[in-house]
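The following exercises concern the structure shown below. Each task is followed by a solution that proceeds step by step.

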Amino acid sequence: MDITDRHSAILEKLKEDGRVKINDLSDELNVSGVTIRKDLKLLEDKKLLFRTHGGASLNNPYMNERTINEKETINVEAKRKIAAEAVKLIGENDSIIIGSGTTVFQLAHILKPKKSLTVITPAVKVTMEICNRPFIEVYQLGGVIRQNSSSVAGSAAEEALKEISSRILFLGVDGIDLDFGFSITNLTEAPLNKKMIESAQIVVVMADSTKFGKRGLGKICSFEQVHYVVTDAGIPPRAEKMLKEKDVEVIIAK
């Protein structure tokens, strides 16, 4: 098989699956991994694909940071449906952490417990949304407030979380990549997200299906650290299968 045939085969595979891996292509096309890497580089130079760790994708896997105001207008209905499913995981007299992001904010928006609920959050918008609601006690983490996310970051919040143990963390992410894990676009907030994960017994990722196949700059956890992913019906079948294989329960909002 010459280079033209290989490139055609790679692009056809990409068209079918949306992504390819170097090892798989090497086996299927009976050439070395070095040859496949060169092929992917040439195809990327022609803007026909995006190289990723160990393979390539049709879509740019790297996310750019958007302000929270921009994010609020994107996939609003899907986020509301995801929140409606996620809220069912909260029990009576529970303690939860709500992270930052517009999807988890939708959870705060509909949160109306009938018995005592403790909410820990770095997100100022979450605190403002729920601080006057009956039965909710809010613990606002302190620190420097980032304008893009209206959420705190830094050592003060991280230190506070060392003294906290909650039952459930509801976590927003910017990217879910099957090779890289769960990530966000801003590195300064990544350490706080990791501390929130350590402080919770159950980790629930709330993310609409557009987040799959994407990567943020900062990885916050692997699949083994997550118990639930709540998403919409647009989740790629391959991603749903892989999550279940890693014992992550997938809840699809409808």
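**Exercise 1.** In which strand is Ser-183 found? Determine also whether Ser-183 counts as buried or exposed, and list its contacts.

*Solution.* The model used in these exercises is a predicted one.

Step 1. Ser-183 belongs to strand E11, which covers residues 181-184.

Step 2. The relative accessibility of Ser-183 is 0%. Buried means under 20% relative accessible area. Ser-183 therefore counts as buried.

Step 3. Neighbours within four places in sequence are left aside. Ser-183 is then in contact with Val-173, Asp-174 and Gly-175, and also with Lys-214, Arg-215, Gly-216, Gly-218, Lys-219 and Ile-220.

**Exercise 2.** Describe the sheet that contains E11: what is the order of its strands, and which strands stand at its edges?

*Solution.*

Step 1. The sheet is open and consists of three strands in the order E10-E11-E13, with antiparallel pairing.

Step 2. Strand E10 (175-177) and strand E13 (218-221) are the edge strands, since each pairs on one side only.

Step 3. From one strand to the next, the twist averages 40°.

Step 4. E10 and E11 run antiparallel and are joined by three bridges. Asp-177 has Gly-181 of E11 as its bridge partner.

Step 5. Helix H9 (residues 190-199) lies across E11 and E13, and the helix runs at about 5° to E13.

**Exercise 3.** Which strands are joined to E9 by bridges, and how many bridges are there in each case? Locate Gly-172 as well, and describe its surroundings.

*Solution.*

Step 1. Strand E9 spans residues 166-172 and is mostly covered, with six of its seven residues buried.

Step 2. Strand E4 (residues 94-98) is joined to E9 by three bridges, and the two run parallel. One pair consists of Ile-96 and its bridge partner in E9, Ile-168.

Step 3. Strand E12 (residues 200-206) is joined to E9 by six bridges, again with a parallel course. Here the bridge partner of Gly-172 is Met-206 in E12.

Step 4. Gly-172 lies in strand E9. Its relative accessibility is 13%, so Gly-172 counts as buried.

Step 5. Not counting residues up to four places away in sequence, Gly-172 touches Ser-100, Val-104, Ile-184, Asn-193 and Met-206.

Step 6. Between Gly-172 and Ile-97 there is a separation of 75 residues in sequence, and their C-alpha atoms are 11 Å apart in space.

**Exercise 4.** What is the strand order in the open sheet that contains E1, and why is one side of each edge strand left without a neighbour in the sheet?

*Solution.*

Step 1. Three strands form this open sheet in the order E1-E3-E2, and their pairing is antiparallel.

Step 2. At the edges stand strand E1 (19-21) and strand E2 (50-52). Each has a single partner strand, so one side of each is left without a neighbour in the sheet.

Step 3. The twist in this sheet averages 25° from one strand to the next.

Step 4. E2 is joined to strand E3 (residues 55-57) by three bridges, and these two strands run antiparallel. Phe-50 has Ser-57 of E3 as its bridge partner.

Step 5. Helix H3 (residues 33-45) lies across E2 and E3, running at about 145° to E2.

**Exercise 5.** At what angle do H1 and H2 pack, and which residues make the contact?

*Solution.*

Step 1. Helix H1 (residues 3-17) packs against helix H2 (residues 22-29) at an angle of about 130°, and the axes are 12 Å apart. This angle makes H1 oblique to H2.

Step 2. H1 and H2 cross in a right-handed manner.

Step 3. H1 contributes Arg-6, Ala-9, Ile-10 and Lys-13 to the contact, while H2 contributes Leu-25, Glu-28 and Leu-29.

Step 4. Sorted by character, these contact residues comprise four nonpolar, no polar and three charged.

**Exercise 6.** Where are Phe-135 and Asp-247 placed, and what is the phi value of Phe-135 and of Asp-247?

*Solution.*

Step 1. Phe-135 is in the loop between helix H7 (124-130) and strand E6 (136-140). Although Phe-135 is not a glycine, its phi is positive, at about 75°.

Step 2. Asp-247 is in the loop between helix H10 (237-245) and strand E15 (249-253). Its phi is near 65°, a positive value in a residue other than glycine.

Step 3. With 68% relative accessibility, Asp-247 counts as exposed.

Technical notes: Residues numbered from 1 in each chain as written. Predicted model: local features only at pLDDT ≥ 70, side-chain atom pairs only at ≥ 80, totals over all residues. Heavy atoms only, no water. Axes fitted to C-alpha atoms, helices over the stretch in contact; angles between N-to-C directions. Helix = DSSP H or I, 4+ residues; strand = E, 2+ residues; numbered from the N terminus. Parallel < 35°, antiparallel > 145°, perpendicular 65-115°, else oblique. Left-handed = near helix turned anticlockwise from the far one by under 90°. Contact = heavy atoms within 4.5 Å. Nonpolar A, V, L, I, M, F, W, Y, C, P; charged D, E, K, R; others polar. Buried < 20%, exposed > 50% of the residue type's maximum accessible area, 1.4 Å probe, protein only. Pairing = 2+ DSSP bridges.
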